[in-house]
Amino acid sequence: MPELIVTKDIDAPGLDTLEGYRKHDGYQALEKALQEYQPDELVELMKKSGLRGRGGAGFPTGLKWSFLAKNDKPRYLCCNADESEPGTFKDRMLMEKNPHQLIEGVIITSYACRVTTAFIYVRGELALAGRQIARAIDEAYAAGYIGKNILGSDYSLDVIMHRGAGAYICGEESALMESLEGRRGYPRLKPPFPAAVGVYGGPTVINNCETLSTIPAIIRNGADWYATIGTEKSKGTRVFCLSGHVKKPGNYELPLGTPMRTLIYDEQYGGGILDDKEIKAIIPGGSSTPMLGPDKLDTLLDFEAIAAAGSMAGSGGVVVMHHDTCIVDAVLRMTEFYRDESCGKCTPCREGTYWLTEILHRLEHGHGSSKDIDLLLDICDNISGKSFCPLGDAATSPIVSSIKLFRDEYEAHVREGRCPF
């Protein structure tokens, strides 16, 4: 059984309480960080560990911390826990079952980045996760882990939980900051980047929930220990959210570099395909990443290997579809999501996602023409790379990749005047 890091004691009774968390080495990493390291030393430690962001982009965490502008403005940390990517549900589990691990990661990161106010931005629909985080923050304040002169040191920090209102766009870091400041969740123009001008105009570091939850273990065990797990460029473990047509959907923590086949078919993980049918398509990193065909089953689950296969590691949401799946219907469902979640700020995304949905609906219900398939690609070309933020690009990924892999299925919808499935 591979070594677990963020889900190590996830099902231990009472882990969600301060007392229960302390029984499993809770807040030891914070004590070690405050006693043994200066902030800049922690930044270097994180660079050495090789930890990369688990939110989607996979950017090196320590390097991101080092980019914070050096000026006299207050610094901020934002934990992006606005987990809204279809097929992704790991952060929800971490917040519900082990909220103190996240909070310890937030405090250590804040200390390393000389932050005095940290925000945990929780997706609006995650009611239980929000309550767990709020209670854990109160417990940490009462125990002296947050507040003035933490554990007798000269370091002070305030941690504030902010509930989102159910907008996917607020998972984009600049829209998240707009929402935190009380405005509508519209993405900001970059540059300036958050590291220079972020929340309330101050230098801001933004990390994902799973990224921050990994940090206490790295502090306890050392950067060298963490760097031995995974591959040369993709270090550590990752929680993969396995869903779709598998026998045992769920969250599974595996070392980066594990073959996708192991996650899907191994008995201790996915356990194989429902009714033992054949795989038709796999989405490896949430619905915003391009689909892969069954010939990519032996792709290694790491940032570089998935990119080489033609997709992205994204948020770690692995969605499996078997042979009875109508690809056109599945893509229509995903595109409806992006149409509904477009903030409407820019024309390519606002208008493009609407028309993509209309054309896909036409094809799925037997009213499409062969020209519609190329029209879909043409609209995608007018959205991708031309939208204000990555939501537009995300909306085109399922369409472009599915036409590339399953164009014959789109053509069958036109030829038969109905959905063949």
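**Getting to know the chain**

Trainee: What share of the 421 residues in the chain is buried?

Mentor: The chain has 421 residues to sort. Buried stands for under 20% relative accessible area, exposed for over 50%, and partly exposed for what falls in between (1.4 Å probe, protein chains only). By that cut-off, the buried share of the chain is 57%.

Trainee: What kind of model is this?

Mentor: Residues are numbered from 1 along each chain as its sequence is written, and side-chain values use heavy atoms, with hydrogens and water left out. Local features need pLDDT of at least 70, side-chain atom pairs count only at pLDDT 80 or more, and totals for chains, interfaces and linings use all residues, as this is a predicted model.

Trainee: How many helices and strands are there in the chain?

Mentor: Both are DSSP runs numbered from the N terminus: helices are H or I with at least four residues, strands E with at least two. Counted this way, the chain holds 16 helices and ten strands.

Trainee: What is the radius of gyration of the chain, and why does the chain count as compact?

Mentor: The C-alpha trace spans about 75 × 45 × 35 Å along its principal axes. For the radius of gyration, taken over C-alpha atoms, the globule rule is 2.2 Å times the number of residues to the power 0.38. For 421 residues the rule gives 22 Å, and the chain comes close to that, so it is as compact as a globular protein of that length, with a radius of gyration of 22 Å.

Trainee: What share of the contacts with a separation of 6 or more joins residues 24 or more positions apart?

Mentor: Contact here means heavy atoms within 4.5 Å. Of the contacts in the chain with a separation of 6 or more, those between residues 24 or more positions apart make up 70%.

Trainee: Which residues of helix α2 are buried, and within what arc do they fall?

Mentor: Helix α2 covers residues 28-36, and its buried residues are A29, L30, A33 and L34. The arc is taken from the directions that run from the helix axis to the C-beta atoms. Seen down the axis of α2, the buried residues line one face of the helix, because they fall within an arc of 130°.

Trainee: Which helices are included in what covers the buried residues of α2?

Mentor: Look for elements in contact with the buried residues of α2. The cover includes α3 (39-49), α6 (99-112) and α9 (209-221).

Trainee: Is L30 buried or exposed, and what does L30 touch?

Mentor: L30 is found in helix α2, and its relative accessible area of 1% makes it buried. The C-alpha atoms of L30 and Y145 are 8.4 Å apart, although 115 residues separate the two along the chain. Leaving out residues up to four places away in sequence, L30 touches E104, I107, I108, Y145, I150 and L151.

Trainee: How far apart in space are N221 and A29, C-alpha to C-alpha?

Mentor: N221 lies in helix α9 and is partly exposed, with a relative accessible area of 42%. A29 is one of the buried residues of α2. The two are 192 residues apart in sequence, yet their C-alpha atoms are separated by 8.9 Å.

Trainee: Which residues does T258 touch?

Mentor: T258 is found in strand β7 (residues 258-259). Its relative accessibility of 12% counts as buried. Beyond residues up to four places away in sequence, T258 touches T299, L300 and L301.

Trainee: Which residues does D393 contact?

Mentor: D393 is found in helix α16 (residues 391-416) and counts as partly exposed at 31% relative accessibility. Its C-alpha atom is 8.6 Å from that of C349, 44 residues away in sequence. Setting aside neighbours within four places, the contacts of D393 are I383, S384 and G385.

Trainee: What is the omega of the peptide bond from P191 to P192?

Mentor: Most residues other than glycine have a negative phi, and most peptide bonds are trans. P191 sits in the loop between α8 (173-180) and β4 (204-208), and a cis peptide bond with omega of about -10° joins K190 to P191. The bond from P191 to P192 is cis too, with omega near 5°.

Trainee: What is the phi of D275?

Mentor: D275 lies in the loop between α11 (260-265) and β8 (279-283), and is exposed, with a relative accessible area of 63%. D275 is not a glycine, but its phi is positive, at about 60°.
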